[in-house]
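Here is my note on the model you passed to me, written as numbered points so that each can be read beside the coordinates.

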Amino acid sequence: MEKKKFCVENTEEVSNEFESLQKLFQENENLKQTVANLVKRLFIIENQQNHGVETSEQIAMNERMKSVEETTRINIESIGDLDLKFQLHENSVNDSHLIWKINNFQQRTTDAVIGKTRALHSAPCFTSKYGYKFCLRLYLHGDGMGKGTHLSLFLVLMKSEYDNILEWPFQKKIKFTLINQEDRSKDHVEKMFPNKDSSSFQKPKKDMNIASGCPMFMNLNRLKPEGFLRDDSLFVEVKID
């Protein structure tokens, strides 16, 4: 049975964000009703106009509608930001095992080539309920020795509220897998054993440690012919023991 996924971030912060999201949704509903009422009034005023002369009430109505539209735009942006935070909370896992689906591979690769988005990051994960926090970093057009020729895949240790009760440096075995979507027996696997002297595996002082992993994880020319890329998507897996 699949383990239940849940977030172990600060629950008070999540609660506050949820309340903010509810308020924004309610405000947007109120704004929709306001716009509908304004449109009705504006229609009546326009029908009452003589010789196409714009009345002072109509001018005021137009200004009010512009203000409502701007407020709605700002609220939509705020809702988008909060929604992203909830996605990260909902996607967080705590069993040392993550399967990450990368959609829109071609477009994202183009973005990487032109420098728009150099790297992708998975949702943050935990090795256990109160364990080490980490995420994956993937360069679709490569990084370092793999730039332009390979996928580059790295593990990033992240700062969390449980760091003070964990043992450092991080010394767990890491297994990266690029899943073959045609034949799982042909999955590409790379294993990594942390270097205890590396700054990548020390207790984080900032939000993210320096990434460590495989700059030449998989040759880009092998992705589609060998079955790793299908329907414009990749699957990357990590297990930490």
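The points below go from the overall make-up to the sheet, the salt bridges and one serine.

1. Please keep in mind throughout that this is a predicted model. The protein has 3 helices and 9 strands, and from the N terminus on these elements follow the order α-α-β-α-β-β-β-β-β-β-β-β.

2. On burial and surface, 38% of the 241 residues in the protein are buried, while the exposed area comes to about 14,800 Å², with carbon and sulfur atoms supplying 49% of that area. Among contacts with a separation of 6 or more, 67% are made by residues 24 or more positions apart.

3. The sheet I would look at is an open one, formed by 4 strands in the order β1-β9-β6-β7 with antiparallel pairing. Strands β1 (97-102) and β7 occupy its edges, and each has a single partner strand, so one side of each is left without a neighbour in the sheet. Neighbouring strands of this sheet are turned against each other by 15° on average, direction ignored.

4. Within that sheet, the antiparallel strands β6 and β7 are joined by 5 bridges. As one point to find on screen, Ile174 has Met192 in β7 as its bridge partner.

5. Turning to charged side chains, the count of salt bridges is 4. One of them links Arg184 with Asp187 at 2.7 Å, N to O, and Asp187 has a relative accessibility of 19%, which is under the 20% limit and therefore counts as buried. I would read that label with the cut-off in view, because the limit for buried is set at under 20% relative accessible area.

6. Arg184 also forms a salt bridge with Glu237, at 4.0 Å, N to O. Glu237 lies in strand β9 (residues 234-240), whereas Arg184 lies in the loop between β6 (174-178) and β7 (188-192), so this pair ties together parts that are 53 residues apart in sequence. Because the rule asks for a side-chain nitrogen of Lys or Arg within 4 Å of a carboxyl oxygen of Asp or Glu, the 4.0 Å given for Glu237 and Arg184 deserves to be read beside that limit. Glu237 is buried, with a relative accessible area of 7%.

7. A further salt bridge joins the side chains of Arg222 and Glu226 at 3.0 Å, N to O. Here Arg222 is partly exposed at 33% relative accessibility, and Glu226 is likewise partly exposed, at 34%. Salt bridges that share partners, by contrast, join Arg184, Asp187 and Glu237 into one network.

8. Is Ser152 buried or exposed in this model? Ser152, which is found in strand β5 (residues 150-158), has a relative accessibility of 0% and counts as buried. A polar atom of the Ser152 side chain lies 2.8 Å from the backbone nitrogen of Asp143.

9. Which residues does Ser152 touch, when those up to four places away in sequence are not counted? The contacts are Arg137, Leu138, Tyr139, Gly142, Asp143, Gly146, Cys214, Pro215 and Phe217. Asp143 thus appears in this list and also supplies the backbone nitrogen that lies 2.8 Å from the serine side chain.

Conventions: Residues numbered from 1 in each chain as written. Predicted model: local features only at pLDDT ≥ 70, side-chain atom pairs only at ≥ 80, totals over all residues. Heavy atoms only, no water. Buried < 20%, exposed > 50% of the residue type's maximum accessible area, 1.4 Å probe, protein only. Helix = DSSP H or I, 4+ residues; strand = E, 2+ residues; numbered from the N terminus. Polar contact = N/O pair within 3.5 Å; in protein donor to acceptor, adjacent residues only side chain to side chain. Contact = heavy atoms within 4.5 Å. Pairing = 2+ DSSP bridges. Axes fitted to C-alpha atoms, helices over the stretch in contact; angles between N-to-C directions. Areas by Shrake-Rupley, 256 points an atom, 1.4 Å probe, with all protein chains shown as cover.
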